[in-house]
Each structure stands twice: as structure tokens, then as C-alpha cells.
Amino acid sequence: MPVFKTPFNGYSVKFSPFYESRIAVATAQNFGILGNGRLHVLDLNPAGPITEHIAFDTADGVYDVSWSESHDSLLVAAIADGSVKLYDLALPPTSNPIRSFHEHTREVHSADYNPVRRDSFLTSSWDDTSKLWTLDRPTSVRTFKEHAYCVYSSVWNPRHGDVFASASGDCTVRIWDVREPGSTMIIPAHDFEVLSCDWNKYDDCCIATASVDKSIRVWDVRSYRTPVSVLNGHGYAVRKVKFSPHRQGLLASCSYDMTVCLWDYMLEDALVGRYDHHTEFAVGIDMSVLVEGLLASTGWDELVYVWQHGTDPRAP
Amino acid sequence: MAMRDLVTGGADCAAPGSSSSNPLGALANALIGSSSKTQERLREIPTSQLTGPERPFAPETHGQLPGSEFDHPPLQPNQQASNFLNAFHSAADPGLASAWNEVQAGPPPAHLREMQPSLAEFDRIYDQVPASQHQPILDGPPQRVLSNFLHSFVESSRGGVPFHPTPLPLLGLSEGDKQCIRDRSSIMARHFFADKSEDFINAQLNALLSSLDIDTSKQVGGPQPGRFREMEDYWNESQALQRPGGHVADGWASEYSLNREKFADHDAWAQSFEQQYGANGWASEFEQERFQLGSAQKMAGGNMMNLSAMEQTRKLANTLAENNDPKFQNSKFLQFVSKMSRGELIIDDNQVKPNSLSPTDNWASEYQQQYSGGLPWADEFVSNQTNRWADEFAEEKQNVSDDPWVNEFSKLHMQDWVEEFGQQVGEGVSGEADNWANAYDEFVNEQVAAKGKMDASKGIYVFSDMNPYVGHPNPLKEGQDLFRKGLLSEAVLALEAEVMKNPENSEGWRLLGIAHAENDDDQQAIAAMKRALDVDPTNLEVLLALGVSHTNELEQAAALRYLYGWLQHHPKYGTLAKPELADSLYYADVAGLFNEAAQMFPDDADVHIVLGVLYNLSREFDKAIASFQTALKLKPQDYSLWNKLGATQANSIQSADAILAYQQALDLKPNYVRAWANMGISYANQGLYEESIKYYVRSLSMNPKADNAWQYLRISLSCASRNDMLEACDSRNLDALQKEFPL
């Protein structure tokens, strides 16, 4: 499958929930340590190279991007300068971004659109908070501040539009119900920073967490004293973890060990695939909702790969 | 220096209220803000509408925002659920729809915005994004140095190789940039170096930050120092907080106490570790790092968990033991490195020697020994560490082993670096930083060239590497403001952001060209002007500016072509231009045409300006001076014209007169960098070196990037026998220079 070269270091890649051939890629210069950012929207062509549909430049690195679940042309970008920006692909670059929210006081590290309610989205930031936003408001609806260190990701529960989980460098994962004043659950998930978490799409009590301790752990939030499963195999911190939209046990992960791994936590031999195609830290991974088995990854080698599970991402 | 000085503002030559047929005047007005036309120009800029008096966004509009009464956290716990739901409901009603309509339609026209106070309110917020939100400018030598440096830092994480503190050329990082680098690299390093000790992480970070001359004392710690305290908080919280009907798991408290026990155990273990290895465990830790490297394969197998658990314990132990100890923030490694960067440690004859450092500082001396003394540290490192590591790395990661990085890294950092460093040390301390910077630059250049990124061939506009104005809501206006304030380097960046956004904006390109011209970069000015001309092939201002810039570059043919083009497209003089001439332009013909034009309209200052430029081309300075003086009678307020006159006078060896002309220019535009520098040149030409120094320093304080001016300053310092200040000049220490040479 084809490859796309981005000018900056890749940070995140997401498949469009509306078009099977469209992906968004968040990138940042100098590994996101200092410099500009660029948000790419790419089109996959059946027999040909990946082409750029549009790109938006930002003053600081783009750490994450999330497609709107309600409008096919709308994107939310998490920017390192603490801003959250909304982009509309239907409008020319001069009219974008259509919104820019400045509330987070530190780098915004993740954005996640609500897949159930479809009218709101979450961001999480190195200012230790997560925030809930809607399109029509100039300020956030709520701020969730309990974590004691950077919040690296917050993701909506795929079934319950009011529930989300947040993963933090304070080594915990918290489960929140936006109707409740505080977090409803604190899972001391790892002994090291937790960099990512995701909900199982088929079991709304099951989450996976990824940590600097190189492991991925799968939890049942109803009894989280011990993990359901511990997935070892990455050689460095696991940067992102993502459950398959198609198979209950399947999840994908990417790591600072430069590999992308596929796991089935229900199997004895959980590691079902390892892809070694990146030459720098692999930091972005996504699985297509519309095409089963289609994977996308990006990394600090400035490359975006899209491939079908089981094939070689680098095959021409 | 001579012809180049003509550019001075390129084409913007105008007096307030000059005739509307003079597009240059319009521009100058827009930029200088000296006439009513300014207001017209600025009002065309979209966001400036927001300041219009007819738009009443009072703060109270906020109250009309649907559901806004629920907006601000912290919400009262008991209201919260319903508030949230209400908020969602109200959002679903008109709010989202209208917001979406607006989204689809683009920014609404002003009248529409007035009808929608909530959106107007929002837009106000949006448009008011203050400039300070953007990171300050990277205003210094090549940003690719920084880029490559950060790269090697990130790469050092792969092998766990200690990262070398490295003297870098001055990068001109602003405080904001430094904070960014400090904070982000602190957080990221804790991800990369997950199984390294806290000391190792701090050492790596300190090496990075010190090399970039970043104050490490403000470095943010990792999550660890606060972790235990936080656990306490959780504990108290979970004890104190009664959550009626909440989903709190009952088992959490017990879970937590289990953890506490675990931590307590670790504490004990840590103490035994300390006993074993001594309190000052850096050396032993280092040994352990090496051990870990050696056993990397084993780690990948099964021992990883054990090792990481050990590391984790040690971290916690450190945290507990060192919470009140400044060790983390001020590790000895940091002290060493920052002392070196401050010059308190000097490198002499391949040895690191303390300048005023007490030798009892055991760690530093230990390090020195390792570094340069009995142990050929670098060699040892190369032989023991790199090769082994590289081999291992190759074994372990066959797919990656052909990555040129392995070779490159070992070559660069282990051998070249050492050799180079040794050489430079041999060449003496004073020139060291520069030499190194050059060498580094060379290396970087090679690298960049190898990557094929060096396409900066002539005539192609080269954008800045990092641009904080990208994504700015209105970079053109920002650029115009900055230009008006005389902040040319920043204006260039803002305007680059504008033309990246709107490549078809000829005004953006033109102004960018002029900014470059005033900033003494005629190549970039020409490239930008050409882009402007692509968009608008008959723009008179652009044609004239191109003519002037090519004159500065001594490219007569090109200059003639554009000046002829100016004549051709001018509504008044177009008839004079004979089409058959265009194919073979000769200086005499063009000059003749302009003389004709000057006779037709003797009151048009522009024609006289072009004539002055043409006479500069033919080096007929007396005639050029006469032309400029005629033009100045018509436009006495044009600062760039005064500068042109001054430069021409200086060329014709009338430096004393030139100073008067420059003074006029500076009276009109006090932050006219180029005129300050030219002033210095004129004084130097008259042998008044002491005097010239002040002017150079003043111009450099406004634009430290002007390499020419630094060279002139150096010459003047030598000629004035001020060798004592040469070092300040070489290190570009403006503070010292300004103190020594006040104007």
C-alpha cells in the first residue's frame, strides 16, 4: 500500500468515519518540541499514490486530530500551544480555522469526538485537565481537573455518550460520567505514566491502557484490581492503543520501539502481528471503521502508511 | 555597501497626500500611517471592522448565549447533572444549528453578526487572539542547527547513549521558545528514557538545555516527585468524599493500601540499594546503564519487567529521599555543563580545567578525569560503548541497522566530534565557539544538502523554517503592523505566513519583498517581488522595486528590463515605450526614455527616482544626486528617498553630505535600521571610527541578524583600537556593546 511523506514529524492519524479513502494526519516540526505544525487531509487512491486533499498550517505543532462524527468535513485539532482548532474542509484555507478555543494552559495532547451524541468533543492537555466542548459555544462546557500530571488522552465510551476515560502521567486512568461532579472511578493502571487508553467497541466495560512501562493492559472496569490481560512485547513506551471496530478481542498499538503491533487479548498468544515499517518512533495508529483490517500509522520518520492487515506496509 | 543602500525601502516613496496616481505614495502612506489614506487602507483589512464603533459587543451579550449560565466550571455538584443536560439541550436547539450554518457559510457578514450576539461575542474572542499567543520569533542563525540538535537528542534515547553537551552557535531563542523546549523535552524525555534512572534523564535534559543556553533551574520535573504526594491526596479524597449513589468501587481503598505497602517495600529496597552503591550513585548508575545496554537482548526477552520494576523502585526511592533536595533540579551534571557553557570551566589543551571552580567538587573532577585526563574517555566510549552498542543494535533490529543513522551517529558524535573538538581546543579558546559553529554549520549544510532540501537556487523564494505566524488569523495585517514598527524580521515571518495562506496575494508578496529589501536581503526581495509580479504582471510598485533591487545586485540588464516595464505599464508614460525596444534594451535608450518622461511631467517624483537609480547604474553619481534632490523637492517626507540620496552621496565620496541625508531619513523614520547602518558607514569612510561604532551598534540592536553590519562593526572596532570590545562583537553581545557605546 502507498506511503505519504509529510514535511514534519507525524503525531496522529485518523480515518474519516464518512469516507473510506480519507484520512487526517497531525504533524509537528522538530518532534513537537519547537516549531510549526501542519494538519493534512489525505485521499487514498485505489491504485496510485496517496494524494493530499488539503493541508492547514498552524503556529505550533499539531498533536492530535479527530474527525467530527456529525459532519464529514469537520475536524478538531489539538495544538501544542494550548489551543483547540476546528477546521472545515469545505472552506478554503483562508477561511480556516473556523474556531479557535484558547483555554488549555499547556499543550493539548488529544481530541476525541463523541461518537454517540455527535455534538460534542473532548480534549486533554498537559495542564492536567480534560475539557468538554460543543461547537456553538465560545468556551468549554466543562473542565475535568483531578489528574495530578499531564492528561495524555481522553476517549468517549462507544456506547454511553456521557462516559469517558482519561489516561494520565500520574499513572492512573479515570472514568468519568459528565453528569457526575467528579470522576467515578480511579484505576491505578500502571506503575509508570499511562500514555493512552481506549474502550472496547463490543464490551462497554472493557478498556485497554498503554504505558511507559512498555506494556498494554486490558481492564474490566467492574473489577479492576487486576488486569484482564497484560500484553508484553513492545521494547519501549507504548504510545497509543486502539481497539478494533470489527473484532472484539483485537487491538492495535504503536510504540517508541518503532513498531506497530496487533494483539488479540483473548488469545493465549496475544501478539498476532508486528509491523516494523517505521524508522523512527511510531506515534500514531488508527483502524478504519469502514474497511475491516485497514490500518494507518504515522511516526517521527515523517511517513504515513496505510495498509491492510496481513500485508507489508512497505510493499509498493 | 554602496549600490545596495539604494534599496532602502525599495519602492515606497511618497509624501503624505501625494497624488493618487502615485501608487508608491499610497503604499508608503499605508505603511507609515502619515495620512488619511492610511486609515482607508487599514479599514480594508477585515478584522479592523471589529474596532468599528457601530459594533456594540458589550460583555452583557454573553448572558444571551444559550445555556451560558451553565458555562463556567466549577459547577456545583448537585446542579451539575441537570446543568449538563440542559446545556446539551439548549445546544441542540438553535445554537448548534446557527453555529453550523455559520460554519458552512463562512464568516458571516457584519450585519449578520450583529444579529447574532453570541456569535459576535465568539468572533470577538476569536479575533482577539493576542499576538502574544504566538510564540516569539526565532530570530537567529540557522534554525536547522536547532532542528538537527533536537534530532540528535531524540535519537540519543534509542541507545541510551549519554547526550553530549555541545556548544552551539547562538540561536537567538526567545524566552517562550526556551520554555517550550524545556517543558516539552522534560515531559517527552520521561517517555523515551522510560527504563533509565531519574538522574540519567536529568543528565540528558541538562545536556540538551545547557547547550541551548536554557536555564535548567526552572525545569519541570517529571510526574514522579509529585506522585507520592498525589497518592496521599487520592487517599484522603477517597476517604473523605462520600459519593451518594456514585460508581465508586469499594475496593479501591484497599487496593490503594496494597499499593502503599508496595511502595513502602520499595523504599526499603531503595535504602539497601543506597547502602550497596553509595549515596552518590551516579557512577554506579552509569555502570548499570552499561550493564543494561549489554543485556538489552535479555531485557527484550523476559527480564524486562524485573529491570523496569527495579528502576521504578529506584525512582520512587529517589523521589522520597530527594523531595526536598535540589538534586533533581540542580544535578551536579547540570552544574558541570552549565559552568562549561558559562565559561567557568575552560577547555585548555584538551583538558577541562576549572576556571574558578573548587577542585573539591568531587563529581566534577571525577567527570573531568574520565573526560580528558587519565582515561581517554571518548576513545573508551567509542570502543566500549558505541561499537558494541551498534552491533547489538544491528543484531536486534536488522531492519533498522541499515539506517544511516547508526553510522552517522557514531561517526559524528564519537569520532568527528572528538577530533573536531580537540582541534578547536588547539586553536585557542577565543575563536572556539565560532569555529565550532562553523563546523557544525558545515556539517548541517552537508546533511541538508544530502537530503536534497537545498533548493535555494536563485530566484526561488525560500521560506523560513519555523514560523510562529502560521495559522495567525490575519498575518497580512500583522505583517503591516510589524513593518510599520520597523520590526522587519518579524514582519517577514508574518508576511510569509500570509503568502503561504494566500499565494495569490500580490500585496503580501510585494510587502514581503520590500521588507527583505529593507532588511538587506535583495535575493529574497527579488524572489518575493517576482512572485508578486506573477500574480499581478503590471504592478508598477513591484516593477520599480525589482528594478531597484537588481540595481543593488549590479544586474544591469534585469534592472533595465523592469524599469522599462514600469514605463511601459505606466498610464502616463506607456506611450513613450516603443515595443521594438523591449527585445534589446540598452542603458542609453532607457535613460533617454526616462529623460523624456521627466520633461513631460517634471513634477512626477517617481520619474526622477527612477532616473536617480539609472544614473547609479551608470555610476554617474552627480546626475543621480541631482535627480534624487529634484525628487526630494517634490517629496520631502520620503525617508527612503533621503536614504537613497545619502547612499549616492556616499558613493560619490561626499560622505559628510551623506550624513545629513541619512539624518533626514532618520528624523522621518527613527527605526530605519538601514539608515543607522549607513550612517555608520559614512562616519567610517571619513575616518571617524569611534563615531561609526555607535551607529552600527544602534542598527544592530534593531536587527541583530545583519551580518554585514557586524562585519563593519568589527572593522571599526579594530580601526578605533578598541580591541577590548572585539570579543563582545564576536559573541554578538549587544548588551555589552550598547553599554560601552551609547548613542
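Two strands are taken to pair if DSSP finds at least two bridges between them. On this basis, in the predicted model, strands β11 and β12 of chain A form a hairpin with three residues between them. The turn contains A:Asp128, whose phi is positive, at about 75°. Strand β11 (residues 120-125) of chain A pairs with β12(A) in the antiparallel sense over five bridges, and within this pairing A:Ser124 stands opposite A:Ser130 of β12(A).

Strand β12 (residues 129-134) of chain A is mostly covered, with six of its six residues buried. In a regular strand the side chains alternate between the two faces of the sheet. In β12(A), one side carries A:Thr129, A:Lys131 and A:Trp133, and the other carries A:Ser130, A:Leu132 and A:Thr134. Both faces are covered, as all of these residues are buried. β12(A) is also joined by four bridges to strand β13 (residues 142-145) of chain A, and these two strands run antiparallel. The bridge partner of A:Thr129 in β13(A) is A:Lys145.

A further antiparallel arrangement involves strand β20 (residues 216-220) of chain A, in which four of the five residues are buried. Five bridges join β20(A) to strand β19 (residues 206-211) of chain A, the two running antiparallel. These strands form a hairpin with four residues between them, and A:Lys214 in the turn has a positive phi of about 80°. A:Ala208 has A:Val218 of β20(A) as its bridge partner. A:Val218 is in turn the bridge partner of A:Ser229 in β21(A). Strand β21 (residues 229-231) of chain A is antiparallel to β20(A), to which three bridges join it.

The unreviewed UniProt entry annotates "repeat: WD" over residues 101-143, 144-186, 187-229 and 231-264 of chain A. Over residues 231-264 of chain A, the model has 0% helix and 53% strand, with the end C-alpha atoms 9 Å apart.

Chain B contains 34 helices and two strands. Of its 743 residues, 42% are buried. Among contacts in chain B between residues at least 6 apart in sequence, 60% join residues at least 24 apart. For this chain, the unreviewed UniProt entry annotates "repeat: TPR" over residues 506-539, 605-638, 639-672 and 673-706. Residues 605-638 of chain B are 79% helix and 0% strand, and their end C-alpha atoms are 10 Å apart. Residues 639-672 of chain B are likewise 79% helix and 0% strand, with end C-alpha atoms 9 Å apart.

Helix α28 (residues 639-651) of chain B has 13 residues. From its first C-alpha to its last, α28(B) reaches 18 Å, close to the 18 Å expected at 1.5 Å a residue. The helix is mostly covered, 13 of its 13 residues being buried. α28(B) is followed by B:Ile653, which has a positive phi near 60°.

The largest nonpolar core comprises 133 residues, and those with the most contacts inside it are A:Val62 and A:Ala77. Helix α8 (residues 198-211) of chain B gives the most to this core, contributing seven residues. Apart from this core lies another, of 100 residues, including B:Trp509, B:Tyr562, B:Leu614 and B:Ala658. With neighbours within four places in sequence left aside, A:Ala77 is in contact with A:Ala26, A:Leu39, A:Val62, A:Val65, A:Lys85, A:Tyr87 and A:Ala111.

The model scores ipTM 0.86 and pTM 0.51. The mean pLDDT of chain B is 61, and 44% of its residues reach 70 or more. Confidence in chain B is lowest in helix α2 (residues 36-43), at a mean of 35, and highest in helix α27 (residues 621-634), at 90. The pLDDT is below 50 over residues 224-387 of chain B, a stretch that has 160 contacts in the model beyond near neighbours in sequence. Over residues 449-457 of chain B, pLDDT also stays under 50, and the model has five contacts beyond four places in sequence for these residues.

Key
Residues numbered from 1 in each chain as written. Chains lettered and ligands numbered in written order. Core = buried A, V, L, I, M, F, W, Y, C linked by C-beta atoms within 7 Å. Buried ≥ 20, exposed ≤ 12 C-beta atoms within 10 Å, placed from the backbone. Contact = placed C-beta atoms within 7 Å. pLDDT = per-residue confidence, 0-100. UniProt positions renumbered as here; feature names shortened; annotations may be inferred. Expected span 1.5 Å × (residues − 1).
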